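Dear colleague,

I am passing on the structure below, followed by an account of what turned up in it. Please keep the model open as you read.

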Amino acid sequence: MNDTQADELRRSRTAHNDVRIAPSADHSEQSRESESYTHGHHDSVLRSHRWRTVENSAAYLAPFLNAGQSLLDIGCGPGTLTVDLARNVAPGLVVGVDAADEVLEDARQHARDEGVTNVEFQHANAYKLPFDDGSFDVVHAHQVLQHLSDPVAAILEMRRVVKPGGVIAVREADYGSMTWHPQNHGLEEWNALYHEVTSAYGYEADAGRRLLSWFQAAGVEQADLFPSAGIWCYATPETRAWWGGLWAERCVVSNFAHQAKEASLADDVALEELAHEWRNWAEEPDGWFIVPNGEIIVRA
């Protein structure tokens, strides 16, 4: 993306700075698919989710997992991480919940393919979980709160369903802290646009840095909060191609692209330019991209 194109995209977004709420109920099926989930469930999104394991996405929780524990995984998606959590607490029961029925079937199939039987999946809303008080030893959510308009309300629901003496574990990316090399104005524009889209729909792109604050707002005592941070790093030819390719697709075909257009923050031409910049970055021999994630363990 050259300077002229970047200036045009900035002017286009500035001209629509009054758009700070989600479009009305007549917006498209794909955007309505998951108003609380910016990315939606295009394959470019699910490929990223299927990569997640305890080792690369929940290592901070691993020391707290023991055989026989019951565990709730909120926002389980296609279930790769959920199934891996189930392996860690077997024979304890793991329940994965998500608001999208189509990914729940993917998750069930993944569990069958992996031969993991101590896991089940069901539809649920993070604000109103269909479980009794104190049902689970561990309540886990990965990259969920950033897509909710009221993360504190969801945290209160997590606290309700965890057993006394149990653990809540949450991990969230922080888009404002992401960094990359070489310098790329197109990726800067992508990051700015992502913040504007999530803001327009009422969500928080910089969730990672806010976990401690949100849990304090939910009434958790400081002595029961154990914050930390972890990173994903894409710096090899294989991981650059994978990450850059995912985002190049997301910029033009995912729910993020639909929401950007419906909120009048970008058009097809601008989004194609951002996709082009992602592909250019992925081809850089010294390309480096870091995704910082805020993490928190909460003792119930």
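In what follows, two residues are said to be in contact when heavy atoms of theirs lie within 4.5 Å. Please bear in mind throughout that this is a predicted model.

With that meaning of contact, and leaving aside residues up to four places away in sequence, W278 touches L187, W190, W243, G244, W247, A248, C251 and F289. W278 itself belongs to the largest nonpolar core, which has 35 residues, and it is listed there with W190, L193, W243, W247, W281 and F289 as having the most contacts inside that core. At least two residues of this core come from each of α8 (185-200), β7 (225-234), α10 (237-253), α11 (255-262), α12 (268-282) and β8 (288-299), and the largest share, 7 residues, is that of α12. Another core, of 31 residues, lies apart from this one and has I74, F131, A141 and A207 among its members.

Of the helices that supply the larger core, α8 deserves a closer look. At its start, a side-chain oxygen of N184 comes to within 2.8 Å of the backbone nitrogen of G186, while just after the helix G202 takes a positive phi of about 85°. The 16 residues of α8 should span 22 Å at 1.5 Å a residue, and because its end C-alpha atoms are 22 Å apart, the expected and modelled values agree. The buried residues of α8 are G186, L187, E189, W190, N191, L193, Y194, E196, V197, T198 and A200, a list that holds charged and polar side chains beside the nonpolar ones.

The other part I would draw to your attention is the set of strands around β1 (residues 71-74), both faces of which are covered, with L71 and D73 buried on one side and L72 and I74 buried on the other. Strand β1 runs parallel to β2 (residues 94-98), to which 4 bridges join it, and within that pairing L72 has V95 as its bridge partner. Strand β1 is likewise joined by 4 bridges to β4 (residues 136-142), again in parallel, where the bridge partner of I74 is A141; both of these residues are among those of the 31-residue core.

Together with helix α5 (residues 80-89), β1 and β2 form a right-handed β-α-β unit. Strand β2 is in turn joined by 5 bridges to the parallel strand β3 (residues 119-123), with V95 paired to E120, and the chain passes between these two strands through helix α6 (residues 101-114) in a β-α-β crossover that is also right-handed.

With best wishes

Conventions. Residues are numbered from 1 along each chain as its sequence is written. This is a predicted model: local features need pLDDT of at least 70, side-chain atom pairs count only at pLDDT 80 or more; totals for chains, interfaces and linings use all residues. Side-chain values use heavy atoms; hydrogens and water are left out. A nonpolar core is a set of buried Ala, Val, Leu, Ile, Met, Phe, Trp, Tyr and Cys residues joined through side-chain atoms within 4.5 Å. Buried means under 20% relative accessible area, exposed over 50%, partly exposed in between (1.4 Å probe, protein chains only). Two strands pair if DSSP finds at least two bridges between them. A crossover is right-handed if, with the strands pointing away from the viewer, the path from the first strand over the helix to the second runs clockwise. The expected span of a helix is 1.5 Å times one less than its number of residues. A polar contact is a pair of N or O atoms within 3.5 Å; within protein, one must be able to donate a hydrogen and the other to accept it, and residues adjacent in sequence count only if both atoms are side-chain atoms.
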